[in-house]
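Please look first at the sequence and the model shown below, and keep both in view while reading. The paragraphs that follow move from one residue outwards to sheets, domains and chains.

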Amino acid sequence: MLFGQAAEFDYAGTQACRELKKEGIEVVLVNSNPATIMTDKNMADKIYIEPLTKKTVEKILEMEKPDSILPNLGGQTGLNIAMELYEDGFLTSHNIRLLGTSPDGIKKAEDRQAFKDTMEEIGEPCIASKVVNTYEDAENFANEIGLPVIVRPAYTLGGTGGGICYTMEELEETAKSGLHLSRVHQVLIEKCISGWKEIEYEVMRDKNGSCITICNMENIDPVGVHTGDSIVVAPSQTLADKEYQMLRTSAIKIISALKIEGGCNVQFALNPNSFEYAVIEVNPRVSRSSALASKATGYPIAKVSAKIAIGYTLDEIKNEVTGKTYASFEPVLDYVIVKIPKWPFNKFLTASRQLGTQMKATGEVMAIAPSIEQSLMKAIRSLEENVDSLELPKLKGLTNEEIREDLKHVDNERIFVIAEALRRGINVDTIHDITTIDKFFINKIQRLVRIEKRLKEEELSKELLLTAKKMGYTDKVIARNNIIANFKMVDTCSAEFDAKTPYYYSSYDEDNEAVSKTDKKKVLVLGSGPIRIGQGIEFDYCSVHCVWALKEKGYETIIVNNNPETVSTDFDIADRLYFEPLTKEDVENIVETEKPYGAIVQFGGQTAIKLTKALTEMGVRILGTSERDMDRAEDRELFDEALEKCGIPRPKGETVFTVDEGIKVANELKYPVLIRPSYVLGGQGMAIAYDDNEVREFINEINKTTQEHPILVDKYMLGKELEVDAIFDGEDILIPGIMEHLERAGIHSGDSISVYPTQHINIENQKTIIEYTKKIAKELNVIGVLNIQFIINKGNVYIIEVNPRSSRTVPYISKVTNLPVIDIATHVILGEKLKDMPYGTGVYKQSDYVAVKMPIFSFEKIKNADTSLGPEMKSTGEVLGVSKVFSEAILKAFIASGVNIPYKGNVLITVRDKDKIEMLPIAQKLDNLGFHIFATSGTAAFLEENGVDAEVVQKIWEGENSIPDLIGSGKLSFIINTPTKGKHESRDGFKIRRLAVESKIPCFTALDTVEALYEALEKGTKEEDLLPIDIGTI
Amino acid sequence: MKGYLVLENGSVYEGERIGAEKDVICEVVFNTSMTGYLEIFTDPSYAGQGVVMTYPLIGNYGLTKEDAESKKPWVEAVFVHEIAEMESNFRSKMHILDFLQEYEVPGLQGINTRKLTKELRNAGTMKGKLTSSISDVDSIIKEIKEKTITNLVESVSSKESYTCGNGKTKIALFDFGAKQNIIQSLLKRDCEVTVFPWDTSYQKFLTGKFEGIVLSNGPGNPEDCEISIKNIKKLYEEAKIPILGICLGHQLMGLATGAKTYKLKYGHRGPNHPVKDLYSKRVCITSQNHGYAIDDKSINPNIAEISHININDGTVEGLKYIGKEIVTVQYHPEACPGPEDSSYLFDEFLKKVRAK
């Protein structure tokens, strides 16, 4: 049995499942995330998309009776559950083995004290630290070793709840929240060694005790920034062989002491002024870093780990890259990797951008090049942040003093600030003194800045052009083009052996290795770049399935992507893999080399869609819906025309460019209005405005980045939101199913709870939806997939938007309807007709099961992010609940999303005035279920008047017995808080929501969500009563 | 200033000259290490060779002479993709370019090291000339072909014998171009090491009250070392004390006992060579630097058995001599550069020495 978890583990689980199945082993998979490839029907023998909780896993183990569990390939949650099952004797009594690493080894690596003891035993240095279970002990120890100290909670993913404390006040806050968040109520207080180098090693060990290191990595940001939030290079750059080998030997000693069988990650801090080092952490499992190491070297860590777990030794496993050598060797690189995290700060304007020991990134990009400069530049443009060099326009206006001050801030823009500082003549030493970043790296930025200056001042000679290219400058920056990139191969061995796997990166050295001899037609599939809010692994799912369908049809497939945490960047997915930024110029280089027959863009999210025009201009055939027709869905005027032609209504609206135009239109439409930029995914910059001031605020915010397209202002319509994914072949339509959003329009579809099949929609409306879908698909000449959002207002169906591309619901609807949507769409794109396929046309037969998709948020990780839901998407993942009964499906989804289901207890209700009436029936229902209600005086009086008991609690800063005290007391089961207008962080509501997040108390900001929770609770069903369902049987 | 590497097959690689401005003819080999450039450049086994570093960034952490494997660099030339403009490491005393200048080592940077490596891999190790002018490639090729590179061991070995350390175990080191860290590895383990030149008579080893003998690494074709082979044959026959052979020392013991050596197509030079211990079944990652190997078919099973093999190509990596306390390995347990995983060989050797 295997576990799955977040996106970065999809590649690991997928590799492991495929490998185990190849070995003839029956695989049972449990994962709550439906957007993953590993939860596909053919990946494992039994697939449970169920909550990753001990209770549910126990139930599945009893049903499936596996021989063993392989817990080290699915992230922290799976490992934790396996340990809990071991500790309480469940595994022993059911005769289930733990593969990979022994429970003892896991404990030694994961438990802070056991880890320290083990390191002491083998003579490996740790940082002065102490495990504490109470705040008092934390305080005492901090006094003993002196501030600053770092707080690290035990058993939490991504170091949730930790941080550096410079004052006793900070220590109190952080230690208390850390103790609360830790599964075992344990935190580590440790001496702060910020400024040391942070170095990681990926190590592998087999049952014979043979050990190898796959890769080492150096963080450009010294210790103090979570490695997931650091800019990382591989291999290490500033370590001499002596230090390199010292740490390598230590890593091997550690993995041997822990007797790990499989992959493991060891993090070190190294004093930059001596050989002194300390072991920071060991992860006895595949991790985010191992995904990076895997893609950086070409060494399939997860696959090899799985083989080791079932008994193979390293020298028995072939290195598939060379086909000659074996897994028991260490990759050597002849290029440099740069990884840059992708942060969600553009989604959370109020959030603190400061980086520390709490990881905030949602994803990452990786770049490969022969030099650090070029690799860094590639990574920067892969981020898709509208920046393609080290110049950040907003820094231009700052004074030298402000820039110098800015250097002190450890945040997501630091690298740009360093470049700006160098431009202003602040020297490398000064910058090093302020940032403690190694001079070696600052010098690399300086070299880039120097070229930037030459490009501005000098005549463009051939020498300068080539130098600029080799440093990663694009034509767009240089403003001229006559050098084309060549491609080199990632081969694990620095060309020592001939490599078989076509895994390429661009360089401006001569000699193009990406020469292919094939008679097959080549198709380019564009990936979706880094995982960010609004564009997650769902799109990687689509790209990978498209590749598989194309291969099956006999095409040669080429994938371009830059996200190391994906299945699509595994070298054995497409025939040819290009690890490159997804920009016009980078893709053009690939097109020059490959000369593909065509390209498919509709599966790669907005990243791929944005390149459609450029590809068309390069003369690449767009397979499926054309560029012109895609544009007709995005361009407001053309879209209105199309809808009118079809006779489909939509909420009234206009396009504007300026605030004044916006206010004028809003007043004509009458408030509230929905404001949003065109051509975005995930509702970026979208907001509902209730008055002129808000229109001004929102439009100004959107216009902070240059808009090539107008801003849309629409009448905001209240009503039920529905969503459809469909496939159209030019004649017929196939609709897998209609999905209903439980939250009303106004909350982004990606943040809504989504139900299939619909529960509250009448036949008449369903018919209209099908009719509209077909009409608009035909009008827009869609070939392939499309996604439509509808709203039902006063019994009438309106279209809100049409996306002639794959959506984030495709994996979900594919799984719950058992219809291979991407596979079918790919066949249609290649010219086949739906009527010749065995799936039928129209609406596909409705499933007997109800599936509820629920969003996952990471608010606790992003300080000062507003948690209230609205038209801009904020969720970072999703889980699924499946059952024959709606109430059970939704209960499962709530459990899977991590909500600690409250069957009784205390609820705090604070809602805006206009929600009071609507809140009343919910409060009554909760009252009936036996919940005790707290409310502020106004709300409490209103409830009492209407016969609901409520206890008064003082407003936020009203002294004794106020809301913060209540939240801090730990007595609350959950909070209902609907946001008042405005996003300002000084408001009470904002503070309540943040307090709730930090105290880990569920806080619902939409009444519809509470209604859904009520449906889950109403029947009193408990987790242990729920039957896990093998998704393959649906 | 532009410079060129011309290979004997006529291929030309262009780069920018670094280090000394002299022209040299050398055997061109590649090394895949990502760290340890100073250790490589100062390893006497590279005498007569120009080294291509496959890792594209060289000089990142500067250098300190305390990391050198001998008193000077022995490489004839260095070929790199890029030399770091600014070095950074707390121990660094010198930029790599200043070092190359000081010791008059010529080189090229900015050349396509990957393409060059692929060519050496596919065509095999070749000789080449580093030059500033390619106006007459044909005569350069002729010149390259005529050049013979011999007597390498003689040029790198110590001229006189000397003793280091004052540990309690007395070890004799047969120096064919020994790396400093072989001596250090012994000194660290409480030994006194007496170093003897390559042409020392075997009697010196037998009469000096030594408790163990180490045959060092060294450059070139082992068959060239006829005098050494004769003396090692005597040691094989008469020595009653344990012998450890490393790299060239391993090959010479093989030749002395009737085995044959042959030249590998492009050698093993790097930090990542997997070697399997056939007794423990464990695989160690080893540091390697050799162009020749012992032919497994030529080994007399009554004299020696294969103890270690290379996982990649199955070549002989270690021999255990039957009825003798002689162990030889093709790789470098002293590391520097490269993994320290096989340093246990020194412990095992000294355990035997001290058991006497």
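If neighbours within four places in sequence are left aside, Leu173(B) is in contact with Ala178(B), Ile182(B), Ile183(B), Val193(B), Thr194(B), Val195(B), Phe196(B), Val214(B) and Ser216(B), where contact means that the C-beta atoms of two residues, placed from the backbone, lie within 7 Å. The model is a predicted one, in which local features need pLDDT of at least 70 and side-chain atom pairs count only at pLDDT 80 or more, while totals for chains, interfaces and linings use all residues. Residues are numbered from 1 along each chain as its sequence is written, and chains are lettered from A and ligands numbered from 1 in the order in which they are written.

Leu173(B) also appears in a wider setting, since the largest nonpolar core has 435 residues, and those with the most contacts inside it are Val525(A), Ile933(A), Leu173(B) and Ile213(B). A nonpolar core is here a set of buried Ala, Val, Leu, Ile, Met, Phe, Trp, Tyr and Cys residues joined through C-beta atoms within 7 Å; a residue is buried if 20 or more other C-beta atoms lie within 10 Å of its own, exposed if 12 or fewer, and partly exposed in between, with C-beta atoms placed from the backbone. Helix α19 (residues 538-552) of chain A gives the most to this core, namely 9 residues; helices (H or I, at least four residues) and strands (E, at least two) are DSSP runs, numbered from the N terminus. The core also draws at least three residues from each of domain 1 (2-149) and domain 2 (153-355) of chain B, the bounds of which come from an automatic or database domain assignment. In soluble globular proteins, nonpolar side chains tend to be buried together.

In chain B, an open sheet of 10 strands with mixed pairing follows the order β10-β12-β11-β13-β14-β19-β18-β17-β15-β16, and two strands are taken to pair if DSSP finds at least two bridges between them. Its edge strands are β10 (162-164) and β16 (283-294) of chain B, each of which pairs on one side only. From one strand to the next, the twist averages 25 degrees; axes are lines fitted to C-alpha atoms, for helices over the stretch in contact, and angles run from 0 to 180 degrees between N-to-C directions. Within this sheet, β17 (residues 304-310) and β18 (residues 316-321) of chain B run antiparallel and are joined by 5 bridges, with His308(B) standing opposite Gly318(B) in β18(B). Helix α10 (residues 344-355) of chain B packs on the sheet, where it touches β11 (169-174), β13 (212-215), β14 (243-246) and β19 (326-329) of chain B, and its direction makes about 120 degrees with that of β11(B).

How do the two domains of chain B meet, and which elements take part? The C-alpha centres of domain 1 and domain 2 of chain B lie 27 Å apart, and the contact takes 23 residues from domain 1 and 23 residues from domain 2 of chain B. On the side of domain 1 that touches domain 2, the elements that give two or more residues are β3 (24-31), α1 (37-41) and α3 (113-123) of chain B, and β3(B) gives the most, with 3 residues. This strand is mostly covered, as 7 of its 8 residues are buried. Two partners can be followed from β3(B): strand β9 (residues 126-131) of chain B, which runs antiparallel to it with 5 bridges, and strand β4 (residues 49-53) of chain B, which runs parallel to it, also with 5 bridges. Ile25(B) has Lys129(B) in β9(B) as its bridge partner, whereas Asn31(B) has Met53(B) in β4(B).

Turning to chain A, 4 strands form an open sheet with antiparallel pairing in the order β6-β9-β7-β8. Because β6 (129-132) and β8 (163-165) of chain A stand at the edges with a single partner strand each, one side of each is left without a neighbour in the sheet. Strand β6(A) is joined by 4 bridges to the antiparallel strand β9 (residues 187-191) of chain A, and Val131(A) stands opposite Leu188(A) in β9(A).

Finally, the contact between the chains takes 46 residues from chain A and 42 residues from chain B. The largest share of the chain A side, 7 residues, comes from α9(A).
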